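Here are my notes on this one, jotted down as I went through it. Have a look at the structure first, then see whether you read it as I do.

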Amino acid sequence: MQLSSPRLRAALLAAASLTLVAAVLPPPKALGIGDRLFPELGNPGYDVLSYDLSFDYKDNLTPLDAVTVIDARALERLERINLDFTHGKVASAEVNGEPARFESVAEDLVLTPARPVADDMPLHITIRHTSDPRGRGDGGWVPTEDGLAMANQADAAHRVFPCNDHPADKAFFTFRITAPAGLTAVANGEPVARAVRLGPTTTWTYRTRHPMATELAQVSVGRSEVVHGTGPHGLPLRDVVPAQDRKRLDHWLKKTAGHIEWMEERVGRYPFENYGVLIARATTGFELETQTLSLFESNLFAGEGYPDWYVESVMVHELAHQWFGDSVTPRTWSDLWLNEGHATWYEALYADGLGKYSLERRMREAYQRSDQWRAAGGPPAAPKAAAPGEKIGLFRPVVYDGSALILYALRQEIGTEAFERIERRWVTEHRDAIAGTADFVRLASQEAGRDLTAFLEPWLYGATTPPMPGHPEWSGKAASGKAAPDGKAAPGGKAASGGKAAPGGKGR
């Protein structure tokens, strides 16, 4: 038989090549980058530069048709490419413009390109797939009363789209969301084009101007109103709220500019292109610092059970994460204390400034509980890993107040001026990058003018809590009242679901 079509011949040759390559390679297996707490997350061999994600939303019970386009660079010769992806169906995959074989192994999507990718070569991957919002209650898509939002921390982005799902591999993002007319779609970053209406649907496009970890991606679709404002030095503010709640929430939306000013006075310029709050009619049990657009449950602002000072301090907690955790991203998940300890520190400092809950009282109460928290969850910089076959409960009190306590001890040891220099230099020197505990100890030592390793290591890694500088009376005293068990809220808040309570009981 004569093949008359060049395109048909090329397709058949590519298919035959894939079959031959697969025949000589060993069976595919799930890989990871060896994170102690999430050993199967992330993938070796390449560095992602950008994601271009397209989602076609119909309703919050129907899988979204999606296309994920990844531009990366190979760090070694790759005969196979592993991506983190589960809870969706793959229709096709291409690597550098040619069809690639694809197989699912555990929570990895393994691609076999038509020909190996050479070291230091561009890697362009296109995957057509579904993204399923149904049947998961532990992250990824979050159904709301009128649509969907995302809550990907810590290990759930790969339930939404194929990715290198570890914060050590940050990348730029473009989002293209198509939704029925009458709904509003938003995502991290800025709109890069006017929303395009085509018949019964509208397509919205957003792009980040700074690299972002996959766990911080945010897409929301619903009957929302987008409220624009201006923050310090002309910073664009963009809040996304349920349209029916717009007037009721206005009081809270007006707080953000002042919160940003307060943070900038302490750590320097806000690090991203815009900021705002995404208030969703959903029950999550936590708030989340998705980059440039922090996710909040609407009931936090309902005026029932939460005093105003507490709500504001939680808002500051998520805002502080834009510097600590979003702009400066943890090198490993064991470095989470740098995110949550700092966000808790500024949350507590803000509440102290309001005269509602003194910083010293909060730190004293944390100190009294710290040994119990360490016993339950491990020391702040070395959290206990999950038992075999179990899912880790990473968001424990020890990474919130237990980690803010380290910062309090450091300030007590070296003085306020040196401590504030450390804070400013940390977020400036590591802006848009990743950094870990060793980096923090090194920088702190430089600013203090002496090696702080011997002082900080027991606070970071000790099974018991060291004596607090300047407070010898704290040691050896039992906690006043019953100590909060692991997974419970500290004073002033309620426990979050899944044992993920922050010190005020809400924010991550």
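**Notes on the fold, one strand and some salt bridges**

1. Starting with the surface: the protein chain exposes about 20100 Å², and carbon and sulfur atoms supply 52% of that area. Keep in mind throughout that this is a predicted model.

2. On the overall make-up, the protein chain has 10 helices and 22 strands. It runs to 508 residues, of which 57% count as buried. If you take contacts between residues at least 6 apart in sequence, 70% of them join residues at least 24 apart.

3. Strand β16 (residues 219-222) is a good place to zoom in. Val-219 and Val-221 point one way from the strand, while Ser-220 and Gly-222 point the other way. That fits the usual pattern, since side chains in a regular strand alternate between the two faces of the sheet. Here, though, both sets are covered: all four of these β16 residues are buried.

4. What does β16 pair with? Strand β12 (residues 184-187) runs antiparallel to β16, and the two are joined over four bridges. Within that pairing, Ala-185 has Val-221 of β16 as its bridge partner, and Val-221 is one of the buried residues from the previous point.

5. Now the charged pairs. The whole structure holds 27 salt bridges. One of them links Glu-190 and Arg-209, with the closest N and O atoms 3.2 Å apart. Glu-190 lies in strand β13 (residues 190-191) and Arg-209 in the loop between β15 (201-207) and β16, so this pair ties together parts that are 19 residues apart in sequence. As for burial, Glu-190 is partly exposed at 23% relative accessible area, whereas Arg-209 counts as exposed at 52%. Both values sit just past a cut-off, because partly exposed begins at 20% and exposed means over 50%.

6. Lys-58 and Asp-65 make another salt bridge, their closest N and O atoms being 3.4 Å apart. Lys-58 is partly exposed, at 39% relative accessible area, and Asp-65 is also partly exposed, at 41%.

7. Is Asp-245 buried or exposed? Asp-245 is buried, with 5% relative accessibility. Its side chain meets that of Arg-248 in a salt bridge (3.6 Å, N to O), and Arg-248 is partly exposed at 38%. The pair also belongs to a wider network of salt bridges, in which Glu-145, Asp-245, Arg-248 and Arg-281 are linked.

Technical notes
Residues numbered from 1 in each chain as written. Predicted model: local features only at pLDDT ≥ 70, side-chain atom pairs only at ≥ 80, totals over all residues. Heavy atoms only, no water. Buried < 20%, exposed > 50% of the residue type's maximum accessible area, 1.4 Å probe, protein only. Pairing = 2+ DSSP bridges. Salt bridge = Lys/Arg side-chain N within 4 Å of Asp/Glu carboxyl O. Contact = heavy atoms within 4.5 Å. Areas by Shrake-Rupley, 256 points an atom, 1.4 Å probe, with all protein chains shown as cover.
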